[in-house]
Amino acid sequence: MRYAIVGFGTAGYHAAKAIRAGDPAGELHVYGDTGLAPYNPMLTTYYVYGKLDRKGLFPFGELAQLQEQLGFTYHHERVIKVHAQERTVETASGTEPYDRILVATGATAFAPPVKGLEPEDSFLMRTVEDAQRLKDRLDRGDVKTAVVVGASMAGIKVVEVLAKYGVQVVLADLAKTIFPLAAYPEVAAMIEGRVAKRGIDLRFGVTIDHMETVDGQKTAFLTDGTAVPADLVSLCIGTRAATAVVQGEVEINRGIVVNDRMETSVPGIYAAGDCCEGNNLESGQHQIIGLWANANRQGRTAGANMAGCEAAFEGNILHNITHFMDMDFIGFGDNRIQGEVLETGSPDHGLYIRVVLQEGKIVGANILDDYRISGIVKNYMLRLFAGEQGKLPDYQKAMLLRSGVPEKFIDKLEGKLHG
């Protein structure tokens, strides 16, 4: 059996491990255009900040080490096309056959062009190359002012990096609040207050319109007409699924469409990670769930099925966990869904929780300042979405109590959910 994996991020790595577990002797080919071992895009800002050395970006080890462990041939070149009918992979070097193939091409950062913004002053934050480029620029010591566009998890991490380098930062977003896809407005206001106290200039309802040089200073003009100095601009607006290699070959919505075995509309072609969609257990809809843990599960599931084993991945829920500026933010579920609100704690005293309930289920939760309880809340929500009605186990209650969650709050929450 000849296996091929296109893209070698965390989904590709976990698929390779599962293939080897199910078929130790199969021929395995990995195609990657970076020449790098799998890395976590969310760690790139940690490297620029100095919290991680470059080696820390690669949690599974170096590429040569992984090749030896998993026994695959690495092709350092970009895949142009996967041809479904011919069962071939096309690169600049030619075409090669496959029996089963995984597309794990991930997602790419995107940003619209900004008039007047010079390429050397424009920065994205997704890849190791992006991180190295920003680090090199900041290490030059000539960046005094910056504009970050995108009040997202990536955007706030770039803001944190710039502030550490002593850069005066403006964070702008067309949305009305920070973390608009994850934080409830009330929680967003708490976060914004903390960020503003750190000297960050927050501008909501606006974005960058164009750049000009005014009296020798590079200047960003925002859509509300205001002008701010900006030696560099970081565009943290979003990502898009990288699906070009199978365009016209398999079914694609916003991402590649897969079933719970991670198989596409064409037998023998699988997809996993940020390039494909997954099942949102809360909404029941298929959508891209761009999370590291989600890609791991999808990759393992795809690899097992490619090797002839039986595996299924039922899906996940939307969730975000990030640490920045000495605070934690955790968001679960869809923050657009309204319902009964339960809250406990204080944003000024180490722990705050806001839970939204609807029809006997937790539909969303925000937690400030204690990431340790995030796993308990997430797993509880997953069990409820799966139709299980069991209350929290005693050991998990004990963990919540030790973290400062009042027993009355736990009892009230379980009473609302289970009667």
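Ala, Val, Leu, Ile, Met, Phe, Trp, Tyr, Cys and Pro count here as nonpolar; Asp, Glu, Lys and Arg count as charged; the others, Gly among them, count as polar. These classes are used in the legends on pockets and cavities. The model shown is predicted.

**Figure 1. The whole chain has 10 helices and 25 strands.** The chain has 419 residues. A compact globule with that number of residues would have a radius of gyration near 22 Å; the chain has 23 Å, so the two agree. Along its principal axes, the C-alpha trace spans about 65 × 60 × 35 Å. An unreviewed UniProt entry lists residues 2–299 as "domain: FAD/NAD(P)-binding". Within residues 2–299, helix makes up 24% of the chain and strand 28%. The C-alpha atoms at the two ends of this stretch are 17 Å apart.

**Figure 2. Three strands form an open sheet in the order β4-β5-β6.** The pairing is antiparallel. β4 (79–83) and β6 (94–97) are the edge strands. Each has a single partner strand, so one side of each is left without a neighbour in the sheet. Neighbouring strands are turned by 20° against each other on average, direction ignored.

**Figure 3. A hairpin joins β4 and β5.** Four residues lie between the two strands. One residue to find in this view is R87, which takes a positive phi near 55°. β5 covers residues 88–91 and runs antiparallel to β4, with four bridges between them. Two residue pairs help to place the register. H83 stands opposite T88 of β5. V82 has V89 of β5 as its bridge partner.

**Figure 4. A second open sheet holds five strands, ordered β21-β22-β25-β24-β23.** Here too the pairing is antiparallel. The edge strands are β21 (319–324) and β23 (340–346), and each pairs on one side only. From one strand to the next, the twist averages 10°. Inside the sheet, β24 and β25 run antiparallel and are joined by seven bridges. One pair to look for is I353 with its bridge partner I367 in β25. In a regular strand, side chains alternate between the two faces of the sheet.

**Figure 5. The largest cavity holds about 140 Å³ of space.** Rolling a probe the size of a water molecule over the atoms shows where empty space is left. The structure holds two cavities of 30 Å³ or more. The largest cavity is lined by 14 residues. V377, L392, L400, F409 and L413 are the closest of these to its centre. Which elements give two or more residues to this lining? They are β24, β25 (361–368), α8 (374–385) and α10 (407–418). By class, the lining has 14 nonpolar residues, no polar and no charged.

**Figure 6. The second largest cavity holds about 40 Å³ of space.** Its lining consists of L181, A182, L318, N320, G331, F332 and G333. Strand β22 (residues 327–333) gives the largest share, three residues. How does this lining divide by class? Four residues are nonpolar and three are polar, with no charged residue.

**Figure 7. The second largest pocket has a volume of about 180 Å³.** There are 14 lining residues, and the closest to the pocket centre are Y184, P185, E186, N335 and Q338. α6 (185–197) supplies at least two residues of the lining, and so does β24 (351–358). Strand β24 also gives two or more residues to the lining of the largest cavity. By class, the pocket lining divides into seven nonpolar, four polar and three charged residues. The lining of the largest cavity, by contrast, has no polar and no charged residues.

Conventions. Residues are numbered from 1 along each chain as its sequence is written. This is a predicted model: local features need pLDDT of at least 70, side-chain atom pairs count only at pLDDT 80 or more; totals for chains, interfaces and linings use all residues. Side-chain values use heavy atoms; hydrogens and water are left out. UniProt positions are given in the numbering used here, feature names are shortened, and annotations may be inferred rather than shown by experiment. On a 1 Å grid over the protein atoms alone, a cavity is a set of points where a 1.4 Å probe fits but cannot get out, and a pocket is an open set with protein on both sides within 12 Å along at least five of seven lines; lining residues have an atom within 4 Å of a point. Grid points are joined across faces, edges and corners, and a volume is the space filled by probe spheres set on the points. Two strands pair if DSSP finds at least two bridges between them. Axes are lines fitted to C-alpha atoms, for helices over the stretch in contact, and angles run from 0 to 180 degrees between N-to-C directions. The radius of gyration is taken over C-alpha atoms; the globule rule is 2.2 Å times the number of residues to the power 0.38.
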